[in-house]
Amino acid sequence: MIPSLDARIVLREDGIRLAEDTIVSTDLNAHEDLLAGADLILTMTEEQKRLVRARMNGDDGAVYTLAEFAGEGGDIRDPVGQDEARYRATRDEIKRRLEGSLERLLRLLA
């Protein structure tokens, strides 16, 4: 899926530019090899986590929601179809939870 214009605008505000030639599909059917080879998979929602685990044929692996990995709860909802303010709030929530996960992520790399 190509990110929406609203997503691109609010990411650009944080200095993140998505080049057209680097965008790939997020369709799990097209990327089962990525699932099989992943050391860690972070999803935005519990439903996405459930779907990923179902695709992994019983191998639960390291699959978490981003909130769960950051030691919090709740889903990060897709802002599709909403205004730029909602996209900004979602961007900021993802950033905050990634920052909250940084130490844990770094321990995985050590």
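Is lysine 49 buried or exposed, and what is its relative accessible area? Lysine 49 is buried, and its relative accessible area is 8%. The model that gives this value is predicted.

**Overall layout**

The chain contains five helices and two strands. Read from the N terminus, its elements follow the order α-α-β-α-β-α-α. Along the principal axes, the C-alpha atoms occupy a box of roughly 40 × 30 × 25 Å. The chain has 110 residues, of which 22% count as buried. About 7500 Å² of the chain is exposed, with 54% of that area supplied by carbon and sulfur atoms. Among contacts with a separation of 6 or more, 44% join residues 24 or more positions apart.

**Lysine 49 and helix H3**

Lysine 49 belongs to helix H3, which covers residues 46-55. Once neighbours within four places in sequence are set aside, lysine 49 has contacts with Thr43, Val63, Tyr64, Thr65 and Glu68. Lysine 49 also takes part in a salt bridge with glutamate 46, where the closest N and O atoms are 3.5 Å apart. These two residues are three apart in helix H3, so about one helical turn separates them. Burial differs between the partners: glutamate 46 is partly exposed, with a relative accessible area of 40%, whereas lysine 49 is buried at 8%.

**Helix H5 and its cover**

Helix H5 runs over residues 84-109. With 26 residues at 1.5 Å a residue, H5 should span 38 Å, and the 35 Å between its end C-alpha atoms agrees with this. H5 bends by about 50° at leucine 102. Leucine 102 is also part of a nonpolar surface patch with Leu106 and Leu109, and together the three have about 340 Å² of accessible area. Leucine 106 is a residue of H5.

The buried residues of H5 are Tyr87, Thr90, Arg91, Glu93, Arg97 and Ser101. Their cover includes helix H1 (5-13) and helix H4 (66-69). From the side of H1, the buried residues are Ala7, Arg8 and Val10, and the buried residues of this helix pack against H5. After H1 comes glycine 15, which has a positive phi near 80°.

**Salt bridges**

Side chains of opposite charge can pair when their charged atoms come close. In the whole structure, a search finds 13 salt bridges. Three of the pairs are listed here.

| Pair | N to O distance |
|---|---|
| Arginine 91 and aspartate 14 | 3.9 Å |
| Glutamate 46 and lysine 49 | 3.5 Å |
| Glutamate 72 and arginine 97 | 3.2 Å |

Where do the partners of the salt bridge between arginine 91 and aspartate 14 lie? The side chains of arginine 91 and aspartate 14 meet at 3.9 Å, N to O. Arginine 91 is in helix H5 and aspartate 14 is in the loop between H1 and helix H2 (32-37), so the pair ties together parts that are 77 residues apart in sequence. Arginine 91 has 14% relative accessibility and therefore counts as buried, the cut-off being under 20%. Aspartate 14, at 34% relative accessibility, counts as partly exposed.

Arginine 91 and aspartate 14 are also members of a network of salt bridges that links Glu13, Asp14, Glu84, Arg88, Arg91, Asp92 and Lys95.

The salt bridge of glutamate 72 with arginine 97 has its closest N and O atoms 3.2 Å apart. This pair links distant parts of the chain, with glutamate 72 in the loop between H4 and H5 and arginine 97 in helix H5, 25 residues apart. Glutamate 72 counts as partly exposed at 32% relative accessibility, while arginine 97 is buried with a relative accessible area of 6%.

**Burial in the listed pairs**

The burial values of the pairs can be read side by side. In the H3 pair, lysine 49 is buried and glutamate 46 is partly exposed. For the pair of the H1-H2 loop and H5, arginine 91 counts as buried and aspartate 14 as partly exposed. In the remaining pair, arginine 97 is buried and glutamate 72 counts as partly exposed. Arginine 91 and arginine 97 are both among the buried residues of H5, whose cover includes H1 and H4.

Note on methods. Residues are numbered from 1 along each chain as its sequence is written. This is a predicted model: local features need pLDDT of at least 70, side-chain atom pairs count only at pLDDT 80 or more; totals for chains, interfaces and linings use all residues. Side-chain values use heavy atoms; hydrogens and water are left out. Patches are made of residues with over 30% relative accessible area and no salt bridge: like charges are joined within 9 Å, nonpolar side chains (Val, Leu, Ile, Met, Phe, Trp, Tyr) within 5 Å. Accessible areas come from the Shrake-Rupley method with a 1.4 Å probe; for residues, only the protein chains shown count as cover. A salt bridge is a side-chain nitrogen of Lys or Arg within 4 Å of a carboxyl oxygen of Asp or Glu. Helices (H or I, at least four residues) and strands (E, at least two) are DSSP runs, numbered from the N terminus. Contact means heavy atoms within 4.5 Å. The expected span of a helix is 1.5 Å times one less than its number of residues. The bend at a residue is the angle between axes fitted to the seven residues ending there and the seven starting there. Buried means under 20% relative accessible area, exposed over 50%, partly exposed in between (1.4 Å probe, protein chains only).
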